[in-house]
Amino acid sequence: MERELSGYGVRLTVTEGALKEVAKRASAEGTGARGLLTVLEGVLRPFKFELPSTDVTELLIDEATVMFPDETLAGILAEFEPRRHLLLQADVERHAARAGSELGLGKVTLAECARDALVTAAMGDGRCAREVCVSRLEPALAKMAAEAEEGVEREEGVRVTVAMLTEDSHGRTMLA
């Protein structure tokens, strides 16, 4: 579990009190030594899914966290929420650059309204920036790449507008 979180830049620290509470719960379940891991995994599961989409770098598991993991996670996410918009903006910009490079489009510039539309969609849907970019930005970039292959001339690099994010591959307006 520590290795999984560290892959997302989150350092895990477990206090002695937390270990005692885990042991107490495992003992109550009568599952033996394997129960220790089962209890700890149960406590950490929601953190494992939620923290990678934040800028949280340290997770302290103490006795209170073992007893009330949902409340602890809610507190961490509440502290993160004011920074979420900025993190999503940076994620959208990184994804646009990567996707444009992979499609051979050169530098991708997002109009501010396009970037904000992607961030708003992610925040409103509770999705990560990558999911929103895959469904809304990549089709627009793929269309530009196809046009480039057909000989449609473009300046070096591309600029994505909000209108491009709401059209499907046939130019029809999609529901946002």
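**Notebook: a pocket and three helix pairs**

I started with the largest pocket and sorted its lining by class: seven residues are nonpolar, four are polar and eight are charged. A reminder to myself before going on: this is a predicted model.

**Entry 1, the pocket**

I looked up the volume next, and the largest pocket holds about 410 Å³ of space. I counted 19 residues in its lining. Those nearest the centre of the pocket are Ser-53, Thr-54, Leu-88, Arg-127 and Cys-128. Then I asked which elements give two or more residues to this lining. They are α5, residues 69-102, and α7, residues 129-149. Of the elements, α5 gives the most, with nine residues.

**Entry 2, α3 beside α5**

Since α5 had come up at the pocket, I checked how α3 packs against α5. Their axes are 9 Å apart, at an angle of about 25 degrees. An angle under 35 degrees counts as roughly parallel, so α3 is roughly parallel to α5. The crossing of these two helices is right-handed. On the α3 side I noted Val-43, Pro-46, Phe-47 and Glu-50 in the contact. The α5 side brings Pro-69, Asp-70, Thr-72, Leu-73, Ile-76 and Leu-77. My tally by class for α3 with α5 reads seven nonpolar, one polar and two charged.

**Entry 3, α2 against α3**

Staying with α3 (residues 33-50), I turned to its meeting with α2 (residues 16-29). At what angle do the axes of α2 and α3 cross? I found roughly 120 degrees, with the axes coming within 8 Å. The two helices are therefore oblique to each other. I put this crossing down as right-handed. From α2, the residues in contact are Val-22, Ala-23, Arg-25, Ala-26 and Glu-29. They meet Gly-35, Leu-36, Val-39 and Leu-40 of α3. Sorted by class, this contact has six nonpolar residues, one polar and two charged.

**Entry 4, α6 against α7**

Last, I went back to α7, which I had met at the pocket lining, and looked at how α6 (residues 112-125) lies against α7. The axes come within 9 Å and cross at roughly 125 degrees. That angle makes α6 and α7 oblique, therefore, to each other. Their crossing is right-handed. I listed Ala-117, Leu-118, Ala-121 and Ala-122 from α6. Their partners in α7 are Ala-129, Val-132, Cys-133, Arg-136 and Leu-137. How many residues of each class make up this contact? I got eight nonpolar, no polar and one charged.

**Wrap-up for the page**

I leave the page with α3 in two of my pairs: roughly parallel to α5, and oblique to α2. For the pocket, the residues to find on screen are those nearest its centre, Arg-127 and Cys-128 among them.

Notes:
Residues numbered from 1 in each chain as written. Predicted model: local features only at pLDDT ≥ 70, side-chain atom pairs only at ≥ 80, totals over all residues. Heavy atoms only, no water. Axes fitted to C-alpha atoms, helices over the stretch in contact; angles between N-to-C directions. Parallel < 35°, antiparallel > 145°, perpendicular 65-115°, else oblique. Left-handed = near helix turned anticlockwise from the far one by under 90°. Contact = heavy atoms within 4.5 Å. Nonpolar A, V, L, I, M, F, W, Y, C, P; charged D, E, K, R; others polar. 1 Å grid on protein atoms, 1.4 Å probe; cavity = no way out; pocket = protein on both sides within 12 Å on 5 of 7 lines; lining within 4 Å. Points joined across faces, edges and corners; volume = space filled by probe spheres on them.
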